[in-house]
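Work through the exercises below with the model open beside you. Try each task before you read its solution.

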Amino acid sequence: MLKYKTYTTEINNLKESGNFRELKNVSFNEGSEIEFSNKNYINFSGNDYLGIAGNKELSKLFIDNLTSVDLTSVSSRLLSGNEVSYLELENTLVDLYKRDSALVFSSGYHLNIGVIPAIALKGDLIISDKLNHASIVDGVRLSGADVFRFKHADLNKVDDYLTKNRSKYNNVWIITESVFSMDGDFTNLKKLVELKQNHSAFIYLDEAHGVGVLGDNGLGLAESEGLIKDVDILTGTFGKALASYGAFLVCDSVLNEYLINKTRTLIFTTALPPFQLKWTNNVLKHLPSMKYEREKLTELSAYLISELKNKGFNVVGNNHIISIIIGDSAKAVTVSESLLANGIFALAVRPPTVSVGTSRIRISLNANLTFENIDLFVDALKFDN
Ligand SMILES: Cc1ncc(COP(=O)(O)O)c(C=O)c1O
């Protein structure tokens, strides 16, 4: 249709390059099963790392205690929407992280695109890892600060850049994911803290994929490294290991007061409904006790990585996120389809989520998987390297 020529041309381009995306209608079963087109598959593509989404007992107990008012959200937090469940959830976060204050947002995407432009102003500098998530990239775009994007994980470059340029700026924010969402590797937090101290910078750590999985109490990479207090803004989302929805940050109280006043995605959006906040709080309180699930993930992951490497695949990832790099997008889709034919739901991740030429099958493990599931996956994965 001529009227939509711009869009149909782009759709055709995406199809030709193997990068066209479609929504898949699925439903979740108990454990780590997913239903798609009336068939059951083992889900290797969910972010429910601890297997909480598949725990129907936990959710049933919670739902039985809900009332109808828990379903409603009536306005933004700064109007009449700051229902008492926000306070309860933020208090739990403060207790767990042992920081001055916590602030809950509607999602991790909202958080990053709201908080980054609020804290990094004209005259400031943002230093951002090139593999940071799209929500960080968009938050950085919305900010008035100058930006230095560094090659993934190359903290020596950051050191050099700050040595030469620190004096030109007021505040400097180093922004990174703790566990990278596509490559599954961990940032070198100790080195970041050193850089922060040497160059008088702030650290903004996105623990979207660290929360739940790392640390004794499941608080993330900063906990496992003993560095929670050194992170100026530590963020996490509830939509992954916590099997809920929403996001949070912990920080010093002065930043908290500032952010309540300056973050547009907190001010100009409707508050989360109480049931969501209560469910998150409920799950969060279980987090410290889920050591078995965290250990199981580590064991499953070590086994999967070694099996894949034995078969000669190009594998990246340290723990629960593991990617098998394929390269070409169309080929990655074909591999994903052949896994589907073997009862495995493991989707291809393609540009723009990852850079061109690095299309992949991205695995996110969950604690309900078994070693037999891993064997099935490894046996089914076949393509010319
Ligand atoms: C590193 C990172 N930050 C933020 C987000 C966004 O979180 P949410 O899904 O809660 O919007 C994601 C989601 O994939 C992520 O991987």
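The exercises that follow deal with a predicted model.

**Exercise 1. The two domains**

Task: Find which residues make up domain 1 and domain 2, and how far apart the domain centres are.

Solution:
- Start with the assignment. Domain 1 covers 2–50 + 290–380. Domain 2 covers 74–288.
- Next, take the centres over C-alpha atoms. They are separated by 26 Å.
- Now look at the contact. Domain 1 puts 20 residues into it, and domain 2 puts in 22 residues.

**Exercise 2. The area between the domains**

Task: State how much area is buried between domain 1 and domain 2, and which three residues of domain 1 supply the most.

Solution:
- Begin with the total. About 1600 Å² is buried between domain 1 and domain 2.
- Split it by atom type. Carbon and sulfur atoms account for 54% of that area.
- Then turn to single residues on the side of domain 1. R294, N318 and I321 give 29% of what domain 1 buries against domain 2, more than any other three residues.

**Exercise 3. Bridges and polar pairs across the interface**

Task: Count the salt bridges and the residue pairs in polar contact across the interface of domain 1 and domain 2, then identify the bridge.

Solution:
- Count the salt bridges. There is one across this interface.
- Find its partners. A salt bridge joins the side chains of R360 and D183, at 2.6 Å from N to O.
- Check the domains. The range 290–380 of domain 1 takes in R360, and the range 74–288 of domain 2 takes in D183.
- Count the polar contacts. The interface has 18 residue pairs of this kind, both residues at pLDDT 80 or more.
- Ask which elements of domain 1 face domain 2. α13 (291–310), β12 (321–327) and β15 (359–364) each give at least two residues to that side. α13 gives the most, with three residues.
- Sort that side by class. It has eight nonpolar, seven polar and five charged residues.

**Exercise 4. Around the ligand**

Task: Name the residues that come nearest to the ligand, and give the polar distances for H133, H209 and T237.

Solution:
- List the surroundings. The ligand has 13 residues around it, and G108, D206, H209, T237 and K240 come nearest.
- Take H209. An N or O atom of its side chain is 2.7 Å from a ligand oxygen.
- Take T237. Its side chain also places an N or O atom 2.7 Å from an oxygen atom of the ligand.
- Take H133. One of its polar side-chain atoms lies 3.2 Å from a ligand oxygen.

**Exercise 5. A link between distant parts of the chain**

Task: Count the salt bridges in the whole structure, then place the partners of the one between D70 and K278.

Solution:
- Search everywhere. The whole structure has nine salt bridges.
- Pick out the named pair. D70 and K278 meet through their side chains at 3.6 Å, N to O.
- Place both ends. D70 sits in the loop between α2 (56–64) and α3 (77–81), while K278 belongs to helix α12 (residues 274–286).
- Read the separation. The two residues are 208 residues apart, and the pair links distant parts of the chain.

**Exercise 6. Backbone details and one helix residue**

Task: Describe the backbone at P352 and S37, then find what E293 touches.

Solution:
- Go to P352, in the loop between β14 (348–349) and β15. The peptide bond from P351 to P352 is cis, with omega near 10°.
- Go to S37, in the loop between β2 (33–36) and β3 (39–43). Its phi is positive, about 50°, although S37 is not a glycine.
- Finish at E293, in helix α13. Leaving aside residues up to four places away in sequence, E293 touches L50 and A367.
- Compare with K240. The C-alpha atoms of E293 and K240 are 14 Å apart, with their positions 53 residues apart along the chain.

Conventions. Residues numbered from 1 in each chain as written. Predicted model: local features only at pLDDT ≥ 70, side-chain atom pairs only at ≥ 80, totals over all residues. Heavy atoms only, no water. Domains from an automatic or database assignment. Contact = heavy atoms within 4.5 Å. Buried area = accessible area lost by both parts, 1.4 Å probe. Salt bridge = Lys/Arg side-chain N within 4 Å of Asp/Glu carboxyl O. Polar contact = N/O pair within 3.5 Å; in protein donor to acceptor, adjacent residues only side chain to side chain. Helix = DSSP H or I, 4+ residues; strand = E, 2+ residues; numbered from the N terminus. Nonpolar A, V, L, I, M, F, W, Y, C, P; charged D, E, K, R; others polar. Near = heavy atom within 4 Å.
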